[in-house]
Amino acid sequence: SGGHAADITSLAYSYQTSLIASGSSDSVIQVWDFELGRLQGTCSGHRASITSLRFLDPFPLLLSTDADGKLRLWATRNAGVRAYT
């Protein structure tokens, strides 16, 4: 299960951690484990549409930006997703 409530505006892919992240105009980021085919976590905290996503390989970190110019850093470990603000 899972999915965005609005259009997807950004995607990122990590070979190192086997993750795909999708950002949306609903201001939410979803992180998927593509090897297991399941949603690993949801990143909530932005207040505007997600404009860019980038995994910082080889580290389990995801950088996101939104339409308001805000940056967030997310830890993407097996236990889920956590924000660093």
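**Exercise 1. Work out the order of elements along the chain and how much of the protein is buried.**

Reading from the N terminus, the elements go β-β-β-β-β-β-β-β. That makes eight strands and zero helices; both are DSSP runs numbered from the N terminus, with helices being H or I of at least four residues and strands E of at least two. Before going on, note that this is a predicted model, where local features need pLDDT of at least 70, side-chain atom pairs count only at pLDDT 80 or more, and totals for chains, interfaces and linings use all residues. Residues are numbered from 1 along each chain as its sequence is written, and side-chain values use heavy atoms, with hydrogens and water left out.

Next, burial. Of the 85 residues in the protein, 39% are buried (buried is under 20% relative accessible area, exposed over 50%, partly exposed in between, with a 1.4 Å probe and protein chains only). The accessible surface comes to about 5000 Å², and carbon and sulfur atoms hold 49% of that (Shrake-Rupley method, 1.4 Å probe; for residues, only the protein chains shown count as cover).

**Exercise 2. Find the largest nonpolar core and say which strands feed it.**

Start with the rule: a nonpolar core is a set of buried Ala, Val, Leu, Ile, Met, Phe, Trp, Tyr and Cys residues joined through side-chain atoms within 4.5 Å. The largest one here has eleven residues, namely Ala12, Leu19, Ala21, Ile29, Val31, Cys43, Ile50, Leu53, Phe55, Leu62 and Trp74. Now sort by strand: β2 (19-24), β3 (29-33) and β5 (50-55) each give two or more residues, and β5 gives the most, with three. That's in line with a broader habit: in soluble globular proteins, nonpolar side chains tend to be buried together.

To zoom in, pick alanine 12. Skipping residues up to four places away in sequence, alanine 12 touches Leu19, Ile20, Ala21, Leu53, Arg54, Phe55 and Leu62 (contact means heavy atoms within 4.5 Å).

**Exercise 3. Describe the aromatic pairs and the surface patch around tyrosine 13.**

First, count: the structure holds two aromatic pairs. In one of them, tyrosine 13 and tyrosine 15 sit edge-to-face, at 4.5 Å centre to centre with 90 degrees between the planes. The rule is that rings of Phe, Tyr and Trp (its six-membered ring) pair if their centres lie within 6.5 Å, with planes under 30 degrees apart counted as stacked, over 60 as edge-to-face and the rest as tilted. Tyr13, Tyr15 and Phe34 make up one aromatic cluster.

Then check exposure. Tyrosine 13 counts as partly exposed because its relative accessibility is 38%, while tyrosine 15, at 68%, counts as exposed.

Last, the patch: Ile8, Leu11, Tyr13, Tyr15, Ile20 and Phe34 form a nonpolar patch on the surface, together showing about 630 Å² of accessible area. Patches take residues with over 30% relative accessible area and no salt bridge, joining like charges within 9 Å and nonpolar side chains (Val, Leu, Ile, Met, Phe, Trp, Tyr) within 5 Å; a salt bridge is a side-chain nitrogen of Lys or Arg within 4 Å of a carboxyl oxygen of Asp or Glu. β1 gives the most to the patch, with three residues, and isoleucine 8 lies in β1.

**Exercise 4. Place glycine 3 and aspartate 68.**

Glycine 3 comes in the segment before β1 (8-14) and is partly exposed, at 43% relative accessibility. Beyond its neighbours within four places in sequence, glycine 3 contacts Gln30 and Trp32.

Aspartate 68 is in the loop between β6 (61-66) and β7 (71-77). It counts as exposed because its relative accessibility is 52%.
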